[in-house]
Amino acid sequence: MAELLKVENLNVSFMSYAGEVKAVRNVSFHVNEKETLALVGESGCGKTVTSKSIMRLLGRTTAVIKEGSKIEFNGEDIVKMDKKRLAEIRGNDIAMIFQDSMTSLNPTMTVGKQIVENILNHNDIPKAQAMDRALELLKLVEIPNPEERLKVYPHQMSGGMRQRVMIAIALANNPKLLIADEPTTALDVTIQAQLMDLLGTLKERLGMSVILVTHDLGIVSDFADRVQVMYAGQVVERGTTDEIFNNPRHPYTWALLRSIPGLALEQKSKLYSLKGTPPDLLLTLSQCPFAARCDYCMPICTKQKPDETVLSDTHSTACWLLHPNAPKIDPPIGIGGQHNE
Amino acid sequence: MSNNNLYEIRNLKRYFPAKNGKVVKAVDDVTFNIARGETFSLVGESGCGKTTCGRTLLGVYPKTAGSILYNGKESSELSRAEQKEFKRQNQMIFQDPYSCLDPRMAIGTIIQEGMNVHYDYTPAERNEKVRELLYKVGLTADFASRFPHELSGGQRQRIGIARALAMNPSFIVCDEPIAALDVSIQAQVINLMIDLQQEMGLTYLFISHDLSMVRHISDRIGVMYLGSLVEVSASGPLYEKPLHPYTKALFSAIPDIGKRSTKERIRLQGEIPNPMNPPPGCKFSSRCPYVTDRCSHEAPQLQELEPDHFVACHMAAVLNK
């Protein structure tokens with residue numbers, strides 16, 4: 001499989017009054033053609049900042065992509081791109097769906113106009129033809145009565161319908177990479193299921209790659225090919241969906257999986273919950289970022305940061321427990337996120 | 001058994017006036033009981049009336065029709081003194097921990113506010129109470145002098161819980177208390193709520209659309225669709241064998257962690273209809289895969305298909321043979 005996107009040593013910081021907030025720390029990963037990579041983690045772990053850096057959408061005054069960071073898309077480095085080339089790529093080769101469809105769509109423009117806008121930005125075609133394409137797109141995302149819906153404003157639509165419009169805008173120019181940042185968080189379960197089904201079929205049909213940013217592990221297990229677990233701006237574990245859910249090796253991944261009430265768990269029994277809070281991102285960490293909250297913390301964890309241990313071609317984990325000299329620990333989770341205890 | 005019910009709700013209706021003389025039937029003819037010490041959950045899609053139902057119970061919204069018996073007494077006919085006591089005993093935890101706390105009040109003041117109305121404590125006693133409550137919800141005494149913006153979402157939600165507990169309530173409406181929180185924090189808050197329930201004998205009305213959490217915390221569950229209860233049952237049987245087509249679809253939308261689509265998904269077509277203009281007959285008929293002629297004429301009533309398992313569907317008996 002060919003690599004579509006390659007991110008190397010990505011460091012992103014926010015300059016705040018309190019100092020430099022290092023939101024993304026030395027993150028490297030790649031996305032292959034036609035695959036779905038999920039970025040998972042708690043709020044503030046850097047998953048959204050990572051995905052926005054790929055589009056260079058972070059505010060230039062506050063956010064800094066550090067020297068040495070590399071985001072290679074189809075062989076071109078996005079970090080070094082000038083404005084003109086960026087404008088060509090955004091909404092064309094790389095498109096993004098945002099979490100909140102109410103604030104992401106323009107309330108003063110009809111839905112049709114907003115779709116046409118993105119088509120005309122990248123194609124030199126007559127407006128009427130763009131309008132036809134917009135209609136086609138609304139049909140593609142399965143909006144009922146598409147001819148009428150072209151003329152309505154976002155506030156006249158429901159949340160699920162608005163999210164479909166966002167998908168239509170994103171797909172207008174057949175992007176190679178779609179970044180979906182919490183695409184269904186604000187929606188009901190039934191609508192969420194409809195939308196994820198739709199995204200799945202569209203992804204197959206159009207041959208896109210998808211980066212799915214979410215904290216909903218249920219969606220990830222259904223939709224993603226590979227998963228990358230992030231904590232405090234770093235990748236702590238990565239692997240195929242099967243490896244992450246059925247053979248997780250990092251204590252943080254265990255904790256994430258255990259805090260979901262599984263079917264095997266007795267009613268009203270204690271749910272597993274992580275103690276403490278994530279580390280302050282103002283600090284430079286020389287230790288494992290998870291050490292303070294980890295149930296299996298060893299002396300070395302508070303002294304030195306673990307390197308990624310490669311477990312298979314696709315699976316690697318940054319944890320001292322995987323060091324040959326570390327004590328062997330049985331993960332608290334068995335197959336399929338079932339609770340063992 | 002009836003004296004074991006804290007709440008008995010009979011044919012409760014709450015309509016809101018809308019444009020052009022139309023009405024939104026947010027809660028339409030709902031009947032259920034909440035037993036003392038149990039957790040009763042209302043689940044359903046947004047706009048199905050679960051929040052309105054909770055708020056109407058507490059008298060935040062006046063009811064349009066029907067009766068709400070609290071401890072066997074009609075809640076709208078209480079005397080002034082009884083009303084005050086009712087308000088003390090019935091508390092609420094809100095969904096958004098960011099907007100439910102006054103940003104200009106210190107945490108201690110927020111927690112004390114209700115106490116000043118209902119209890120004659122001296123200032124020293126009040127401060128002691130605040131300290132106790134903060135410990136109870138897993139925070140430390142120094143939080144009392146902080147302000148809401150200094151706290152994380154999970155901590156704020158704990159303050160919301162402490163504020164409710166300050167009244168020594170017997171009943172708390174928990175309106176999506178974990179929807180705005182991270183998964184790991186959700187587990188903390190749910191654990192706290194379960195502990196407090198066991199310790200203080202609280203009764204919860206838990207409103208949520210997180211179906212796996214609802215299963216974990218609830219004793220009984222009511223499923224709502226467009227203002228009506230379509231199914232009421234103990235939590236175990238409901239998840240093992242849902243009887244209503246809507247409940248089946250809702251539960252099949254819960255993703256299986258770690259297993260890729262092993263179960264057959266029932267995908268509902270379309271979205272929830274406009275509550276101002278619901279379909280005639282059974283409100284679910286416009287999206288139901290098993291719709292018959294009868295469904296679009298006659299609204300089904302809740303019937304006890306299995307012991308203590310009520311369902312409002314004409315086809316339920318046939319479909320669940």
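**Exercise 1.** In this predicted model, B:Asp28 forms a salt bridge with B:Lys283. Find how far apart the closest N and O atoms are, and which parts of chain B the pair ties together.

*Solution.*
- Step 1: the closest N and O atoms of B:Asp28 and B:Lys283 are 3.1 Å apart.
- Step 2: B:Asp28 lies in strand S2 (residues 23-35) of chain B, and B:Lys283 in the loop between helix H9 (245-252) and strand S11 (303-306), so the pair ties together parts 255 residues apart in sequence.
- Step 3: B:Asp28 is buried, and so is B:Lys283.

**Exercise 2.** Place the salt bridge of B:Arg220 and B:Glu38 in chain B, then classify B:Arg220 and B:Glu38 by accessibility.

*Solution.*
- Step 1: the side chains of B:Arg220 and B:Glu38 meet at 3.1 Å, N to O.
- Step 2: B:Arg220 sits in strand S9 (residues 220-225) of chain B, and B:Glu38 in the loop between S2 and strand S3 (39-43), 182 residues apart.
- Step 3: buried means under 20% relative accessible area. B:Glu38 has 8% relative accessibility, so B:Glu38 counts as buried. B:Arg220 has 23%, so B:Arg220 counts as partly exposed.

**Exercise 3.** Do the same for B:Glu74 and B:Lys63, whose side chains meet in a salt bridge.

*Solution.*
- Step 1: the N to O distance between B:Glu74 and B:Lys63 is 2.3 Å.
- Step 2: B:Glu74 lies in strand S5 (residues 73-74) of chain B and B:Lys63 in the loop between helix H1 (50-57) and strand S4 (65-70), so the pair ties together parts eleven residues apart in sequence.
- Step 3: B:Glu74 is buried, with a relative accessible area of 14%. B:Lys63, at 23% relative accessibility, counts as partly exposed.

**Exercise 4.** Describe the contact between domain 1 of chain A and domain 2 of chain A.

*Solution.*
- Step 1: the domain assignment of chain A gives domain 1 (3-224) and domain 2 (230-335). Their centres, taken over C-alpha atoms, are 29 Å apart.
- Step 2: domain 1 of chain A brings 24 residues to the contact, and domain 2 of chain A brings 22 residues.
- Step 3: the area buried between domain 1 and domain 2 of chain A is about 1700 Å², with 58% from carbon and sulfur atoms. A:Arg25, A:Glu42 and A:Leu217 supply 38% of the area that domain 1 of chain A buries against domain 2 of chain A, more than any other three residues.
- Step 4: the count between domain 1 and domain 2 of chain A is one salt bridge. A:Glu42 and A:Arg293 meet in a salt bridge at 3.6 Å, N to O.

Terms used. Residues numbered from 1 in each chain as written. Chains lettered and ligands numbered in written order. Predicted model: local features only at pLDDT ≥ 70, side-chain atom pairs only at ≥ 80, totals over all residues. Heavy atoms only, no water. Salt bridge = Lys/Arg side-chain N within 4 Å of Asp/Glu carboxyl O. Helix = DSSP H or I, 4+ residues; strand = E, 2+ residues; numbered from the N terminus. Buried < 20%, exposed > 50% of the residue type's maximum accessible area, 1.4 Å probe, protein only. Domains from an automatic or database assignment. Contact = heavy atoms within 4.5 Å. Buried area = accessible area lost by both parts, 1.4 Å probe.
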